[in-house]
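Q: Please take a close look at the salt bridges in this structure, one pair at a time. After that, set them against the rest of the chain.

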Amino acid sequence: MIDGTINKWIKKTIFLMWILIIPFVYSSGSVWTGSLNPSDSDICGAYQNSTTITATNILNTEDETLVNLTATLIIAENAGLIITEEEVFLGNLINKSVSSNNPNWDVACDNATPGNYTLYINYASANGYTGTSENEAETTIEVHPEPTDTDTTPPNITAHSPISKILSTTTEISVETDEDSTCRYSTTVGVSYENMQEQLTTVDKRTHKKLLSQLSDGVKTYYIRCKDTAGNTLTEDYELLFEVDASPTAEVQVEKESPLKEGKYEVTLTTSEDVEFSPSLQYKFEGETTKKEIALEGSGSEWKGILKVDSDDNDKTGTFYFSGIDLIGNSGTAITKGQTFFVDTEAPPIPTILGESDKTTVTLTFIYNDEDFDNFKVYRSEDESLIKAWMIKKTSSKTYSDRNLIEGITYYYAVSAVDEAGNEGPISNIVTITIQKTAYTQEQEEILSQEEILEEEEKTISPEDVKKIDNTKNSIAEKEEEILDAKKIIDSYQGFEKELAVMLNLDSVIAENLNQLSSLEKNLERLKTNTNEELDEEIRKIDIKSKAIVKSTPVKIEVENTISTNQITMDEDVNDIIIKIQDWLRLSDKQVNKYTKESKKLQNRIGIKITAKIIKLSYLGGSEETSLFVEKEIINKEGADMSNTKIVEYIPKEVAENTKQIIIRSANYEVIREDPIIEWKYTDIDSRKIKYLVKNNPLIASSKETKTFVLPDVDLDSGFSGVTGFSIFGEGSGLNILSLIVGLFIIAGLAGYYVFAAKKTKQLEYETVHYKKKAEQPDLNWEARSVQAKEQPIEDLVDESSVIKSLIRQTDTSINNNNFELARKLYTQILLAYNDPNLPSGEKMKYYYRIIKIHNKLTLYNYILRAKFYAKKEDITGLKETLEKINEQYEKVSASELEQIPLVEHAKETLSYYNNALNGFHKSL
């Protein structure tokens with residue numbers, strides 16, 4: 001009797017397994033879809049014109065990675081609907097894992113045939129796996145006919161932009177209407193549509209725009225009314241309100257007007273408003289690719305720095321580049337005044353001088369044919385070898401009279417021309433003139449002789465002081481030799497060390513130090529010409545300066561460590577970088593999703609090779625400076641079209657605080673953000689490599705924290721070139737046949753197993769069935785115990801001064817109430833707020849660990865859901881692996897919580913529940 005019952009039960013079980021497994025094997029294939037949202041939708045006619053279909057919890061059921069997986073939305077019948085980008089690229093999906101991508105499709109009306117239509121997804125991978133959500137995760141769309149009633153309703157404005165604050169004096173206002181219309185606006189409330197003077201440009205019958213410029217800071221309000229094609233007009237104003245908070249601009253003033261000669265000049269940067277931290281001021285000359293940084297000091301809106309002009313910069317036009325962030329986080333780059341300057345380092349030609357005397361007056365005449373001069377410098381000396389040491393006059397005239405000269409003295413005169421930049425030309429010929437003596441009485445000559453002796457005594461210093469000066473000069477000469485020896489070492493470098501020397505501008509540093517020592521020698525020589533009560537102090541100061549100059553002289557470059565690796569780029573990395581630079585890319589929220597998808601496709605087709613070196617720079621004084629050299633090589637693995645792309649380098653603050661800490665070797669770069677993010681055009685990069693040096697960074701491993709991205713640089717409105725996807729049909733259909741055969745073997749095995757199991761004791765049968773029931777219903781009444789928080793719009797949750805603080809608090813509350821749907825939405829908002837470039841780094845550090853705790857909790861919850869999924873599918877391997885992950889995550893979460901929370905308690909119960917169930921199952925085997 002019992003055997004007969006068992007046989008019947010086995011037959012029924014086999015039949016049910018056949019019914020259940022065959023659709024799963026054949027329909028689902030290698031990919032399982034959790035859900036399509038919404039499950040049903042009404043569009044067209046009096047309903048919305050389109051709907052968005054989203055797939056969630058896409059699971060790879062295979063034991064190997066699905067390569068370049070694509071998802072294609074399928075409409076079972078020809079409905080005449082439009083699907084935006086039917087095929088979506090999901091990238092690689094590792095075995096037994098859920099995709100981090102939730103692809104979506106826009107389905108819109110286009111003379112669609114009314115009726116009910118079923119939509120599902122087909123999947124295909126490059127390595128031959130396929131799948132479908134047909135019969136397991138589907139969406140039903142009902143297409144409604146267009147209404148036939150006469151239109152008597154005025155159009156509604158359904159959306160507008162901008163919606164909050166803008167950071168520019170120029171913006172485009174835009175409104176969307178729910179039917180074809182024309183729109184006008186006024187800055188005065190209550191004006192009728194017919195009397196409004198300003199017309200918005202209609203782009204596509206339902207989108208209406210107007211470009212506004214020269215806006216001042218403050219709140220702006222525009223009153224808009226629209227009229228549809230039937231003549232129905234809005235009788236009430238639609239209020240479009242936004243705030244203008246323009247980005248900071250700057251004016252640059254060099255202490256001397258152009259042209260500038262060789263030398264150093266103080267530069268004043270004045271910003272339109274107070275800026276946070278030090279702004280950036282760079283410059284480069286026409287024809288150059290690398291910008292040079294000017295170190296700034298100051299506060300508020302007033303900043304000063306030094307501009308250095310070299311002799312090689314002759315006849316060049318320089319351009320300044322500015323970037324700054326105001327006190328509320330707006331960044332600006334515009335220079336409204338003083339952006340360019342001109343350099344002239346070429347000396348003017350030599351003049352000719354003529355001279356004649358009349359008693360104690362000498363009259364000089366300058367012959368100079370070149371008109372390019374600003375003034376003449378007149379030199380006079382009583383020693384032919386010291387002409388240039390004695391400049392007596394600057395004059396813009398070509399004649400000069402030197403009066404009240406001493407009789408009996410021979411004077412030597414010369415002149416040089418000076419141009420507008422201040423460049424002084426060579427000294428002219430020398431004119432020698434002797435002033436004839438006047439006859440004096442013997443008594444007059446004795447008086448004059450005594451006066452001359454007293455004057456001479458006042459001008460001389462003691463031999464001891466002369467010796468001190470000479471000893472200090474000899475010491476400086478020795479230091480010059482030491483620096484010249486260091487220069488020989490630097491000049492001898494070849495290859496990579498030579499490249500580093502150029503990056504660090506070591507030649508200029510050494511040349512400047514030699515010039516400074518030469519100036520100190522001249523100052524010492526001048527001390528001999530005048531008595532000085534503080535001579536010892538002056539000599540001591542010069543000696544200290546000379547020692548400091550030597551200590552700052554570079555002498556040796558060494559490579560201490562080198563690593564090479566390949567960059568690992570996750571989809572989350574691409575998401576993060578696009579969020580960070582969304583404003584710079586000028587992407588609307590609507591465009592971001594499309595741009596991100598295209599960027600991920602492109603990133604998957606290239607590789608990034610990282611070479612990093614630790615560089616030690618030694619100085620003559622014994623000090624050392626350690627820096628990190630990074631080289632990134634972009635490798636086009638699949639022959640992608642790179643002609644219209646940009647390279648974006650993200651360097652975390654842990655690697656470099658800002659761009660002032662970075663020396664960039666690669667040309668034609670642009671600083672996107674100072675914290676720092678840098679951009680190049682792909683076509684501008686030499687050998688497809690970017691190189692930079694991070695000063696004062698001794699950690700070679702930190703190079704792995706940097707990320708290089710290849711991003712599209714195309715017009716978003718015209719679409720993307722994209723990467724070709726794979727057909728969902730074709731060879732993949734063979735896999736379903738194979739799956740069917742495998743399914744038959746599974747059923748045969750299960751039948752054998754049940755025949756064998758029937759011979760076991762009733763207790764053994766109970767344990768097996770008991771496990772299956774547990775695996776199908778593992779909720780443990782947890783859901784029933786949860787207190788669901790009332791969902792509310794995200795913006796209503798922000799009730800504190802800090803948006804991110806409020807979001808964290810609300811997310812914790814939702815988790816503790818087991819409302820994980822709301823918690824996940826809030827967590828997305830937290831990440832957006834956290835990655836906001838306007839959020840100060842100090843605020844980020846304050847919230848970092850609290851965000852990590854929330855991440856760990858949500859991860860633990862996802863593992864619990866995955867365990868239920870594997871249990872339901874009777875996937876013992878997947879269940880065991882997931883329980884191990886739950887255990888790891890449980891330890892993290894429970895260790896960080898001061899009090900027990902429902903999630904931790906449920907994780908503990910889940911571990912105990914399924915481990916016991918697994919033990920019971922293995923006993924039954």
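A: In this predicted model, Asp63 and Lys96 meet through their side chains in a salt bridge, with an N to O distance of 3.6 Å. Asp63 sits in the loop between strand 3 (50-60) and strand 4, while Lys96 sits in the loop between strand 6 (87-93) and strand 7 (104-108), so the bridge ties together parts that lie 33 residues apart in sequence. Asp63 counts as exposed, because its relative accessibility is 64% and the cut-off for exposed is over 50%.

Strand 4, which borders the loop of Asp63, covers residues 66-75 and includes Leu66. Leu66 has a relative accessible area of 0% and is therefore buried. Outside its neighbours within four places in sequence, Leu66 is in contact with Ser30, Val31, Asn60, Gly91, Asn92, Leu93, Ser125, Asn127 and Tyr129. Ser30 is 36 residues from Leu66 along the chain, and the C-alpha atoms of the two are separated by 8.7 Å.

The structure holds 28 salt bridges. Another of them joins Glu560 and Lys616, whose closest N and O atoms are 3.5 Å apart. Here the partners lie in strands: Glu560 is in strand 37 (residues 554-566) and Lys616 in strand 38 (residues 606-619), so this pair ties together parts 56 residues apart in sequence. Glu560 is partly exposed, with a relative accessible area of 47%. Lys616, at 14% relative accessibility, counts as buried, because the cut-off for buried is under 20%.

A further salt bridge links Glu657 with Lys653, and the closest N and O atoms are 3.6 Å apart. Glu657 is partly exposed at a relative accessible area of 40%, and Lys653 is also partly exposed, at 31% relative accessibility. Some salt bridges share partners: Lys556, Glu558, Glu560, Lys616 and Glu624 are joined in this way into one network.

Next come the strands around residues 645 to 681. Strand 43 (residues 677-681) is mostly covered, with four of its five residues buried. Strand 40 (residues 645-650) pairs with strand 43 in the antiparallel sense over five bridges, and in this pairing Val648 stands opposite Glu679. Strand 42 (residues 669-673) also runs antiparallel to strand 43, joined to it by four bridges. There Tyr669 stands opposite Trp680. The connection between strand 42 and strand 43 is a hairpin of three residues.

A separate open sheet has four strands in the order 11-13-17-16, with antiparallel pairing. Strand 11 (157-161) and strand 16 (201-202) are its edges; each has a single partner strand, so one side of each is left without a neighbour in the sheet. Strand 16 pairs with strand 17 (residues 207-212) over two bridges in the antiparallel sense, and Thr202 stands opposite His208 of strand 17.

For the nonpolar side of the structure, the largest nonpolar core has 41 residues, and Ile804, Ile851, Leu879, Ile886 and Leu903 touch the most other members. Helix 14 (803-816), helix 15 (820-834), helix 16 (841-872), helix 17 (876-896) and helix 18 (902-924) are the elements that give two or more residues to this core. Helix 16 gives the most, with twelve residues. Apart from this core lies another, of 30 residues, with Cys44, Tyr129, Ala137 and Ile141 among them. Tyr129 is also one of the contacts of Leu66. In soluble globular proteins, nonpolar side chains tend to be buried together.

Some nonpolar side chains lie at the surface as well: Tyr848, Tyr849 and Ile852 make a nonpolar surface patch of about 310 Å². Tyr848 is in helix 16 and counts as partly exposed, at 36% relative accessibility.

As for the chain as a whole, it has 18 helices and 45 strands, and buried residues make up 43% of its 925 residues. Among contacts with a separation of 6 or more, 73% come from residues 24 or more positions apart. The accessible surface comes to about 49,500 Å², and carbon and sulfur atoms account for 48% of that.

How values were computed:
Residues are numbered from 1 along each chain as its sequence is written. This is a predicted model: local features need pLDDT of at least 70, side-chain atom pairs count only at pLDDT 80 or more; totals for chains, interfaces and linings use all residues. Side-chain values use heavy atoms; hydrogens and water are left out. A nonpolar core is a set of buried Ala, Val, Leu, Ile, Met, Phe, Trp, Tyr and Cys residues joined through side-chain atoms within 4.5 Å. Buried means under 20% relative accessible area, exposed over 50%, partly exposed in between (1.4 Å probe, protein chains only). Contact means heavy atoms within 4.5 Å. Accessible areas come from the Shrake-Rupley method with a 1.4 Å probe; for residues, only the protein chains shown count as cover. Patches are made of residues with over 30% relative accessible area and no salt bridge: like charges are joined within 9 Å, nonpolar side chains (Val, Leu, Ile, Met, Phe, Trp, Tyr) within 5 Å. A salt bridge is a side-chain nitrogen of Lys or Arg within 4 Å of a carboxyl oxygen of Asp or Glu. Two strands pair if DSSP finds at least two bridges between them.
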